[in-house]
Structure formats: structure tokens, C-alpha cells
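Trainee: I have a chain to study and some questions about its inside. Can we go through it together?

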Amino acid sequence: DGLVMALDLAGFSVSAGSACSSGVIQPSHVLLAMGVPKARAMSALRISLWGDETPEDIDRFVVTLKDIVDRFRRARMDSESTKKGHLF
């Protein structure tokens, strides 16, 4: 959910569920039918494109997504270190 919110704040249309089940906290039935494990399907990200995106728009999305994921991973590592009694 944090990833969806962060990307939304950055101006990108994304969702954590399938298009036909917005608002439902269920894995995509399409991903499950493709054999994707439920835990992985629950972490899927649906990216909406409108058709008029430029290569620069796509590049900006990729850079933004990487930056957000990196920031979340650093925060998780910091949190795990703190729980174990380590400061850094």
C-alpha cells in the first residue's frame, strides 16, 4: 500500500489489485491462473498507461519506482537493525 501511495503522490496511476476488483484485497485471479504464488500475486503492482506516454515519462516512472523501493528497503533495514539493538 505504501508503494501505491508513494507513486500516486509522484503522479503515477498504479494499483495493488486487478482492474476488475478495485478496492478488494485479493490477489489477481489472472496472476493466480498463470501460476503465480498467492504471496507474490498479493504484492503485484498494476501500472496504468494512457497511450500518450513518452519515453521520458516511462524513464521517469522507472527512476521514481527505483528510488521509492530503495527508500523503503533502507527504512526496513534501519527498522530491523533497531529491533536487534543495533544503531547502524
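Mentor: What follows is a set of short questions and answers on this predicted model.

Trainee: Is Ser-15 buried or exposed?

Mentor: Ser-15 sits in strand E1, residues 14–15. Its relative accessibility is 17%. The cut-off for buried is under 20%. Ser-15 is below that cut-off, so the residue counts as buried.

Trainee: Which residues is Ser-15 in contact with, leaving aside neighbours within four places in sequence?

Mentor: Contact means heavy atoms within 4.5 Å. With those neighbours left aside, the partners of Ser-15 are Val-4, Ala-44, Leu-45 and Arg-46.

Trainee: Which residues make up the largest nonpolar core?

Mentor: In soluble globular proteins, nonpolar side chains tend to be buried together. Here the largest nonpolar core has 6 residues in all. They are Ala-6, Leu-7, Phe-12, Val-14, Phe-61 and Ile-68.

Trainee: Which elements give two or more residues to this core?

Mentor: Two helices do so. One spans 2–9 and the other spans 55–83. They are helix H1 and helix H4.

Trainee: Which residues does Ala-6 touch, not counting those up to four places away in sequence?

Mentor: Ala-6 belongs to the largest nonpolar core, and so does Ile-68. Ala-6 touches Ile-68. The full set for Ala-6 is Ile-68, Arg-71 and Phe-72.

Trainee: Are the planes of Phe-12 and Phe-61 stacked or edge-to-face?

Mentor: The model has 1 aromatic pair. The ring centres of Phe-12 and Phe-61 are 5.0 Å apart, and their planes are at 75°. Planes over 60 degrees apart count as edge-to-face. So this pair is edge-to-face.

Trainee: How many residues apart are Phe-12 and Phe-61?

Mentor: Both are buried. Phe-12 is in the loop between H1 and E1, while Phe-61 is in helix H4. The pair links distant parts of the chain, 49 residues apart.

Conventions
Residues are numbered from 1 along each chain as its sequence is written. This is a predicted model: local features need pLDDT of at least 70, side-chain atom pairs count only at pLDDT 80 or more; totals for chains, interfaces and linings use all residues. Side-chain values use heavy atoms; hydrogens and water are left out. Helices (H or I, at least four residues) and strands (E, at least two) are DSSP runs, numbered from the N terminus. Buried means under 20% relative accessible area, exposed over 50%, partly exposed in between (1.4 Å probe, protein chains only). A nonpolar core is a set of buried Ala, Val, Leu, Ile, Met, Phe, Trp, Tyr and Cys residues joined through side-chain atoms within 4.5 Å. Rings of Phe, Tyr and Trp (its six-membered ring) pair if their centres lie within 6.5 Å; planes under 30 degrees apart count as stacked, over 60 as edge-to-face and the rest as tilted.
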